[in-house]
Amino acid sequence: MKILKIIRKAIAINCSILIFFLIVALVFLYSGKSVINQENLSNYIEDADVLNMDVNMIFNLEESGITLNEKIYQLGIESEIPEQILDDIISSDEINIILGDFFSNTINYLVNGDEKPQLSIDSINKMIEVANNSLDNHLNLILDSEVLDSYIQNFCNKLTDIVPERQEVIGRLPITYIQDFLNFNPLYLYLAILVLIIVIVVCLLSIYRPLKYLAIPMIISGVLFAILGSMNNFINSYVISNLDGLKPLISPFITIILTIIFKVGVLVSFSGVFIMITYVVINRIVINSHKTK
């Protein structure tokens, strides 16, 4: 009977270890997906000063020597947008949000092979709003707002031409693995954790004791991720020392993803602490009730 009890506890411990690895996988999956959303890409574009980067570095184009800023300006001129308005668009705070939306759609295009990226209606409206405000501030420009709107629409369509064909960009990248990672449904991981918790419940013949086996891997993984997220300077120095030429492109990306990992790590560890406290309280109540009897 004692041997059976030891076996059940060993199974519970192994399930707890598996839960730890599943939580780690969930954090990496969440962080990877979060970093390519519009908001984080907008912050990245601002921090990395993407507008002043060579378009060849970003999109693997043959137009080396021209920055993204200059390329956008060139497309604006081709779309007949006045230079004063173009200056205001490029210097506006909204341009990072607009480009964040564009790059988010570009990543979806490169990973999933969707249609070439287009700006969302919301981003186009933001650009139209900035352009019209600029038009109002430049009284010397004689241009109907409706005509300007059509220029902006044409300009947004031309942005699509910046992105080369998918195969030209991805080259030999392991796109299948990236695709599997970004498209993986985290629900499977949650279900796996749930199954492991049920196994622990069955092994321990208890409803509340499995809380400890869930809390411990949460606390450990949360603390590890919080520590990892705090090592921005060290990780940046190490990576950049091996990729010195890509420092402007890589460094802000590392900072953003480590910030996400730190926040998730703190959340997971605090959740684990809360579950552990809940376990201790329930366990104390059960012990006291047994002593009373």
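A helix here is a DSSP run of H or I that covers at least four residues, and helices are numbered from the N terminus. With that in hand, let me start with one residue. Asn-132 lies in helix 7, which covers residues 121-137. What I am showing is a predicted model.

Is Asn-132 buried or exposed? Its relative accessible area is 17%, and buried means under 20%, so Asn-132 counts as buried. As for its partners, I leave aside the neighbours within four places in sequence. Asn-132 is then in contact with Ser-145, Leu-148 and Asp-149.

Now the whole protein. It has 14 helices and zero strands. Read along the sequence, the pattern is therefore α repeated from start to end. The protein has 293 residues, and buried residues make up 41% of them. About 16800 Å² is exposed, and carbon and sulfur atoms supply 62% of that area. Take the contacts with a separation of 6 or more: 74% of them are between residues 24 or more positions apart.

Next, charges. Side chains of opposite charge can pair when their charged atoms come close. How many salt bridges does the structure hold? It holds two.

One of them is back in helix 7. The side chains of Lys-126 and Asp-122 meet in a salt bridge, at 2.8 Å from N to O. These two residues are four apart in helix 7, so about one helical turn separates them. Lys-126 is partly exposed, because its relative accessibility is 22%. Asp-122 is partly exposed as well, with a relative accessible area of 44%.

The other salt bridge is between Glu-78 and Lys-158, whose closest N and O atoms are 4.0 Å apart. This pair links distant parts of the chain: Glu-78 is in helix 4, residues 68-78, and Lys-158 is in helix 8, residues 145-159, with the two positions 80 residues apart. Glu-78 has a relative accessible area of 42%, so it is partly exposed. Lys-158, at 21%, also counts as partly exposed.

Last, the surface. Which residues gather there in a patch of positive charge? They are Lys-2, Lys-5, Lys-9 and Arg-209. Arg-209 lies in the loop between helix 11, residues 187-204, and helix 12, residues 210-229. Its relative accessibility is 40%, so Arg-209 counts as partly exposed.

To go back to the start: Asn-132 is buried, while Lys-126 in helix 7 is partly exposed. That is the end of my part.

Note on methods: Residues are numbered from 1 along each chain as its sequence is written. This is a predicted model: local features need pLDDT of at least 70, side-chain atom pairs count only at pLDDT 80 or more; totals for chains, interfaces and linings use all residues. Side-chain values use heavy atoms; hydrogens and water are left out. Patches are made of residues with over 30% relative accessible area and no salt bridge: like charges are joined within 9 Å, nonpolar side chains (Val, Leu, Ile, Met, Phe, Trp, Tyr) within 5 Å. Accessible areas come from the Shrake-Rupley method with a 1.4 Å probe; for residues, only the protein chains shown count as cover. Lys and Arg count as positive and Asp and Glu as negative; His and the chain ends are not counted. The place of a charge is taken as NZ of Lys, CZ of Arg, CG of Asp or CD of Glu. Buried means under 20% relative accessible area, exposed over 50%, partly exposed in between (1.4 Å probe, protein chains only). Contact means heavy atoms within 4.5 Å.
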